[in-house]
Amino acid sequence: MTVLDETFTLSNGVKIPKLGFGTWLIDNDKVVEPVKVALDAGYRHIDTAQAYGNEKGVGSALRESSVLREDIFVTTKLAAEIKSYDEAVAAIDQSLADLGLDYVDMMIIHAPQPWADFRNGEHYFEGNLAAWQALEEAYDAGKIKAIGVSNFEQVDLDNILQNGRIKPAVNQILAHVSNTPFDLIKYCQDNDVLVEAYSPVAHGEILHNPELQKMADNYGVSVAQLCLQYCLQLGMLPLPKAETPSHIISNTELAFTISDNDMVTLKQVDHIDNYGESDSFPVYDKTDK
């Protein structure tokens, strides 16, 4: 049994594969092959989003794959700019049409704020509840098997927990060695909200850390594998993104356990200085607002 055979159970009883395949920054015309390679490698959890602009390509890959639809967990995300009920209803149906699916396994609000206003102080409580209502109704209708959020801080999560009808199944957040929001992770887990870790290798920038390379060598694994296992041992679901077949496959080879002492060390790794070419994306902005 490998990590590809293991699942978490969401708060509504739905099972979700413990390792997901991320598709951020893979263009629509290039995403088909990586998704098919991932499925051939044993991934059964594919993560996309309206904002990625590649739902149609992901849908094509699903149809071209020999893996049965019911064996694949498909997640997509409601665009962060959508903060009204009517817009959310239309966007949910548009995602289903673009993916070419009768249902998605999970749909989540991509961020509590539109990207242009990300972390600027406004929490859009009313708009998020309106979008959440649309997701709840789509869930009731069987269009979505589980609903959740992404990039939500505790106050944003509380808005849904206290005022929504259905509890968020997940909170997908930036989490990796050197940037692990332990308080938020604990709060989510205490409320039975699974934490999904996007950019679990810091968009590739953490791979150059000599301290991590030395530790990875001790386990006979790559730095990427070390970082993914770190997320798993913290009870998170990592979502690595890769386009090279060898990387796609190696990210699944996690048959080792990080020692307690090494986990303590990893939790204390200094924050990386930047995220390379992606440093300007709102989710990576390190300035206080």
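**Exercise 1. Aspartate 47 and its partner**

Task: In this predicted model, find which residue forms a salt bridge with aspartate 47, and state what parts of the chain the pair ties together.

Solution.
Step 1. A salt bridge requires a side-chain nitrogen of Lys or Arg within 4 Å of a carboxyl oxygen of Asp or Glu. Lysine 77 meets this rule with aspartate 47, since their closest N and O atoms are 2.4 Å apart.
Step 2. Locate both residues. Aspartate 47 belongs to strand S4 and lysine 77 to strand S5, so the salt bridge ties together parts that are 30 residues apart in sequence.
Step 3. Check the accessibility of each residue. Buried means under 20% relative accessible area. Aspartate 47, at 2%, is buried. Lysine 77 has a relative accessible area of 0% and is buried too.

**Exercise 2. Two further salt bridges**

Task: Describe the salt bridge of arginine 69 and the one between arginine 119 and glutamate 153, and decide where the residues of each pair lie.

Solution.
Step 1. The side chain of arginine 69 meets that of aspartate 105, with 3.0 Å from N to O. Arginine 69 is in the loop between H2 and S5, while aspartate 105 is in the loop between H3 and strand S6 (106-109), so this pair ties together parts that are 36 residues apart in sequence. With 10% relative accessibility, aspartate 105 counts as buried.
Step 2. For arginine 119 and glutamate 153 the N to O distance is 3.7 Å. Arginine 119 sits in the loop between S6 and helix H4 (125-140) and glutamate 153 in the loop between strand S7 (147-150) and H5, so parts that are 34 residues apart in sequence are tied together.
Step 3. Compare with the burial cut-offs: between 20% and 50%, a residue is partly exposed. Arginine 119 is partly exposed at 25%, and glutamate 153 is partly exposed at 32%.
Step 4. By the salt-bridge rule, the count comes to nine.

**Exercise 3. A charged residue without a salt bridge**

Task: Determine where aspartate 156 lies, what surrounds it, and how far away the nearest side chain of opposite charge is.

Solution.
Step 1. Aspartate 156 is part of helix H5 (residues 154-163).
Step 2. Leaving out residues up to four places away in sequence, aspartate 156 touches Pro112, Gln113, His123 and Phe125.
Step 3. The nearest side chain of opposite charge is that of arginine 119, 4.7 Å away. The limit for a salt bridge is 4 Å. Aspartate 156 is buried yet has no salt bridge.

**Exercise 4. The buried residues of H2**

Task: List which residues of helix H2 are buried, and name elements that cover them.

Solution.
Step 1. Helix H2 covers residues 55-64, and its buried residues are Glu55, Gly57, Val58, Gly59, Ala61 and Leu62.
Step 2. The cover over these residues includes two helices, H1 (32-41) and H3 (85-99), as well as two strands, S4 (45-47) and S5 (73-78).

**Exercise 5. Backbone angles**

Task: Identify where asparagine 151 and serine 178 lie, and state the phi of each.

Solution.
Step 1. Recall the background: most residues other than glycine have a negative phi.
Step 2. Asparagine 151 has a positive phi of about 65° although it is not a glycine. Its place is in the loop between S7 and H5, and at 4% relative accessibility it is buried.
Step 3. Serine 178, also not a glycine, has a positive phi of about 90°. Serine 178 is found in the loop between strand S8 (170-174) and helix H6 (182-190), and is buried with a relative accessible area of 9%.

**Exercise 6. The whole chain**

Task: Decide how the radius of gyration of the protein chain relates to the globule rule, and describe the chain's contacts and charges.

Solution.
Step 1. The secondary structure comes to ten helices and ten strands. The radius of gyration is 18 Å, close to the 19 Å that the globule rule gives for 289 residues, so the chain is as compact as a globular protein of that length.
Step 2. Of the 289 residues, 55% count as buried.
Step 3. Among contacts between residues at least 6 apart in sequence, 73% join residues at least 24 apart.
Step 4. The chain carries 21 positive and 44 negative side chains, and the centres of the two sets lie 3 Å apart.

Methods
Residues are numbered from 1 along each chain as its sequence is written. This is a predicted model: local features need pLDDT of at least 70, side-chain atom pairs count only at pLDDT 80 or more; totals for chains, interfaces and linings use all residues. Side-chain values use heavy atoms; hydrogens and water are left out. Buried means under 20% relative accessible area, exposed over 50%, partly exposed in between (1.4 Å probe, protein chains only). Contact means heavy atoms within 4.5 Å. Lys and Arg count as positive and Asp and Glu as negative; His and the chain ends are not counted. The radius of gyration is taken over C-alpha atoms; the globule rule is 2.2 Å times the number of residues to the power 0.38. The place of a charge is taken as NZ of Lys, CZ of Arg, CG of Asp or CD of Glu.
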